[in-house]
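Good morning, and thank you for coming. I ask that you keep the structure in view while I speak.

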Amino acid sequence: MKTGKKTKIIFNLILSVLSLIWISPVFFVFLNVFKTKQEYNLGSLWLLPKGNNLMANLKALVTSRVLQSMSVTLLYALSGAVLAVIIAMFAAYGLTHLNIRHKFFWFIMIYCGTVFPFQVYLIPIFKAYQKLGLYNTRIGMILFYSAICIPYSMFVFRNFFLGIDKELCESARIEGASEFMILSRIFLPMSAAPVSIVFLSQFTWCWNDLMFGLTFTKSAQTRPIMASLSIMGGGNPPALFVACIASSLPTLILFFLLNDKFQKGFAYMSK
Amino acid sequence: MRRKLLALFLGTALLFGTMAGCGSAGKDGAGEGEVLGAKTGAVEFWNDKLNNTDQEAIDELMGSISSLSGVDVSCVAYPDTASYQTALQQSVTTADAPGLFTWWSGPQLMTLAGSGNLEDLTDIWDEYVVPNGVADSVKESLSLDGKVYAVPYSIIYNMIIYNKNVFADNGLEVPTTFDELLAVCEVLKSKGITPIALKNDGWAGFIWFQAMLAAYDPALYQGVCDGSIAYTDEKVVNVMHIWQDMIEKGYFSEPMQISDMDKSLANGTVAMMLEPNYECKTLTGDYGMEPEVDMSVFVVPPMNGGKSIIFFEIAPLCVAKGSDDKEAAKEVLKSWYTKDNQTVFTNVTGFLCTSQVVSENATANEMVRLTQDDSKYELMLRYYENTDDSIRDVALDELMKFETRAAGADDILPVIQQKADEVFGN
Amino acid sequence: MNNTASAPRLRLDNVPVADSHIHKKRWTVIRDYMYIAPAVILVAVFFISSILYTLMLSFNNWDGVNKMEFCRIDNYLALFGDSNFMISVGNTLIWVVSSLVISVLLPLLLAIMITKSSFAKLFTNFFYFPTAISATVSGVIMATLLSTYGIPYLLGQLGHPEMVKDWLAVPYVNTFVMILTGIWQGIGLNLVLYVAAFRNVDLSPIEAAMIDGVGPVKLYTKVVLPLIRPTIIVILLMSLVNSFKVFDGIWVMTKGGPYRSSETLALTMYEESFIYNRYGRGAAVAIVLTVVILIVSYFNLRNTFREE
């Protein structure tokens, strides 16, 4: 698509202004991470920091459990998102290109998982986990996170797979390809963009979850990062801001890593 | 492509491997505690109270009680109410229940005690709690059918904390009658200073309501709480109109966050706030107010003479009856109120529970000193736990409407009374 | 399978032919269902069982510890007689309508501009940034910014002293302030989905339309948007579901206050259950909310299945 030069300049301008607004709260955070607790509390939030207290605030981060819980959270978020992507992809393929009766029913059944208010899961799953010995275990957390990521992932994949021509599958089937081969060797390579978006969003969701992480675990070895972060609370805002930035780094890094994939088109589209 | 797929599956397999490994690692972690516990006992202390506390301070607190009691106490903090309620309520009936945990007083404590899941702590109360300087008078709010089911994690007193410099600069003295308080407000208002800060929190509507009722007549407050006096009673209406008048004259700020209240008090744009004693620690530590130099306290003075009322609240600390760690937990409680442990506890949390310990904060000490002067002051349980909770929930919403100027006294009192009629069956 | 990973065409001639037709057919049917089985089983075990438990709870009175008492539909009757519940329904509708309009349209417009701008990647990064931080974290940042000494203070310095107050404490204004922060945080993912959709769209119909001399507005409404319809449906429905269930940001910023004026259904459910320990009532709210979302989703989704 061609765009006029004028339109392009206008778009650039609008986007520049808007994106400045979008990241301005981040400036505010950076303005305040160098301050001490009292300087922050007493002075104007909008003044430049007087000294540099960043190192002390970083130290507070190290002594808190935030860093420790990062590795276990990484395990939860990675495994949860990877498992969900794989399981959801199979389901989406089944719901779009295989002979399954009552597809709408099965679709709604999986989709349900996003519809219910999440708080209703707390009591029944807690009870079940306690009975089964999954309470306060890493396996329990990974299972839960994979399950909760499936519905959204399935929904995105399904709607993406709908756009892939059925004839493509038919011709492959005539050539004798198994369904698994079609999924893994035709669909998967075409799905770089949705796979990376779904993976990123579900990883971010697991990483940022507080309520379930807090309820289904109790020991320092199993508790995820947001639990540690929210214990810090508002007691020391500059240190909290440092912790906020540190805890957001993995999701941001992942985003930058996957960014290219979002932009990638797929070549097979028109057979 | 197949190679990629293979990598994916290998990755997944690896992941499951790690999971299995981690599962056992997690169990090993828990096991370590048990090994320690085999010799000396171990107990978990679940709470939702140690949020906003540095990890170092929590470790110090756990270290203190562990070494004093010989039981390894570990802290499990819950910074989210739903998580805490779920984890505790659903495990309290099982052997996995925590030995020690904090809860909320009033109906929530009574529900738990009534369900038979709490250990009777009457013996500990008599032998280890009261002798260590905890006021025996608070026992009533922790008891059911004559048995004590909890000990106080914290006892909190509410008083007016004021900025001494603002008072001095404007030639103001601490008021001893309600009229003097009004005069102080008028002077401050005319100087462009907001006299009193109101708190913006869902539950905070009752703070000045109870203070006004009790300043008018303590018996009126008790009567309203137990249902013998209606919210639409002439006296209550009268009190509410005095309060409304003060709000209309600009003596109260609009409701604000606690951090803004602290900041405003420290920078002198607000002169007074009716807050609990632990706030003194925050005001000194985080907002630089020197105790008894920059700030001090007084009790809301009475309108018609007589004693002033100081309101208190208690956070209960309980032992789960079914817990495997029950005995260890009771052992911990024997050392909980010792002077050594309470000294650390007070420094970390700002709470003062026993008369053996003084706070590092002179204003906090002043507050405790006032509570002990029973010639002038009388302690009463605050409104939140002192009345039926379904009336309370309605009243809190209505009082917040009143404080935000969205409704007047004559609008809200009949609404609260309607609920009270339902509950008390008039 | 031999190693043909780099070959451009599939070579699958070595797949064995099944001996028995019937046997093969039955196996195919089972195999097809195997594709959806893991997802269905996990969702059923974790979530559908939970909602059934909640449904059962909604017909009982329960304080969380003692025995449940069966109370028929009392919890539902009590809800519809409760003025707070009605306020909560109203607020939820405000959230739903505004997020339908804004979180679906704004990222679409931004995505269109971004695909045509000079620094597509950079702009996407900026807009995505708040999405990467958690609701807990951004709630803390936003609550600070919106409190008396944050943005209101700045506006006061600029000559608007009447603005200097805690915006989150002003009833009904706070809902709109929170919707704005929700948009600030929430559009990143939708934006990325749109951008990816535009990048992956089949260009030939668009080129054809352009050769026919179709104007830019018509080009989008008639040609481009229908092409990315599957993505729009995902975004529309997920925004709908999430706005019905909106909880995190409100809980961190106002807790539904002052006097429950900014409460939404998810908050009412939470408060009834976990603050007041009336689990039956909370469950009833959850069931009402679920039924509403399911009905709305059903009508939106049914069409897409019919077309197939």
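Let me begin with helix α14 of chain B, residues 339–349, in what is a predicted model. Which residues of this helix are buried? They are B:Asn341, B:Gln342, B:Phe345 and B:Thr346. These four lie on the same side of α14(B), because the arc they cover around the axis is only 130 degrees. The general rule is that an α-helix has 3.6 residues a turn, so residues three or four places apart point the same way. As for their partners, the buried residues of α14(B) pack against two helices of chain B, namely α2 (55–69) and α13 (326–336). Just after α14(B) comes B:Gly350, whose phi is positive, at about 85 degrees.

I turn now to chain B as a whole. Chain B contains 18 helices and 11 strands. Of its 426 residues, 50% are buried. Along the principal axes, its C-alpha atoms fill a box of roughly 75 × 65 × 50 Å. If we take the contacts in chain B between residues at least 6 apart in sequence, 77% of them join residues at least 24 apart.

Chain B is divided into two domains, and neither is a single run of sequence: domain 1 covers 2–155 + 315–365, and domain 2 covers 157–311 + 374–424. The centres of these domains of chain B, taken over C-alpha atoms, are 33 Å apart. How many residues of each domain of chain B are in contact with the other? In domain 1 there are 13, and in domain 2 there are 15. On the domain 1 side, helix α15 of chain B (residues 362–372) provides the largest share, with 3 residues. That side of domain 1 of chain B is made up of 8 polar and 5 nonpolar residues, with no charged ones.

Next, the contact between chains C and A. Here 75 residues of chain C are in contact with 89 residues of chain A. On the chain C side, helix α1 of chain C (residues 21–57) gives the most, with 17 residues. By class, the chain C side has 53 nonpolar, 15 polar and 7 charged residues.

This brings me to the nonpolar core. The largest such core has 305 residues, and those with the most contacts inside it include A:Phe144, A:Ile150, B:Val332 and C:Ala39. Helix α4 of chain A (residues 66–97) supplies the largest share of this core, 18 residues. A:Ile150 may serve as an example. Leaving aside neighbours within four places in sequence, A:Ile150 is in contact with residues of chain A, among them A:Ala84, A:Ile87 and A:Ala88, and with C:Ala39, C:Leu42 and C:Val43 of chain C.

I close with confidence. For the complex, the predictor gives an ipTM of 0.87 and a pTM of 0.84. Chain A averages a pLDDT of 83, with 93% of the residues scoring at least 70. Where in chain A is confidence lowest, and where is it highest? The lowest mean, 72, belongs to helix α3 of chain A (residues 54–63), and the highest, 92, to helix α7 of chain A (residues 138–162). Residues 266–271 of chain A have a pLDDT below 50, and this stretch has 9 contacts in the model beyond near neighbours in sequence.

Chain C also averages a pLDDT of 83, and 91% of its residues score at least 70. In chain C, pLDDT stays under 50 over residues 1–18. Thank you for your attention.

Key. Residues are numbered from 1 along each chain as its sequence is written. Chains are lettered from A and ligands numbered from 1 in the order in which they are written. This is a predicted model: local features need pLDDT of at least 70, side-chain atom pairs count only at pLDDT 80 or more; totals for chains, interfaces and linings use all residues. Domain bounds come from an automatic or database domain assignment. Two residues are in contact if their C-beta atoms, placed from the backbone, lie within 7 Å. Ala, Val, Leu, Ile, Met, Phe, Trp, Tyr, Cys and Pro count as nonpolar, Asp, Glu, Lys and Arg as charged, and the others, Gly among them, as polar. A residue is buried if 20 or more other C-beta atoms lie within 10 Å of its own, exposed if 12 or fewer, and partly exposed in between; C-beta atoms are placed from the backbone. The arc is that of the directions from the helix axis to the C-beta atoms. pLDDT is the predictor's confidence in each residue, from 0 to 100. A nonpolar core is a set of buried Ala, Val, Leu, Ile, Met, Phe, Trp, Tyr and Cys residues joined through C-beta atoms within 7 Å.
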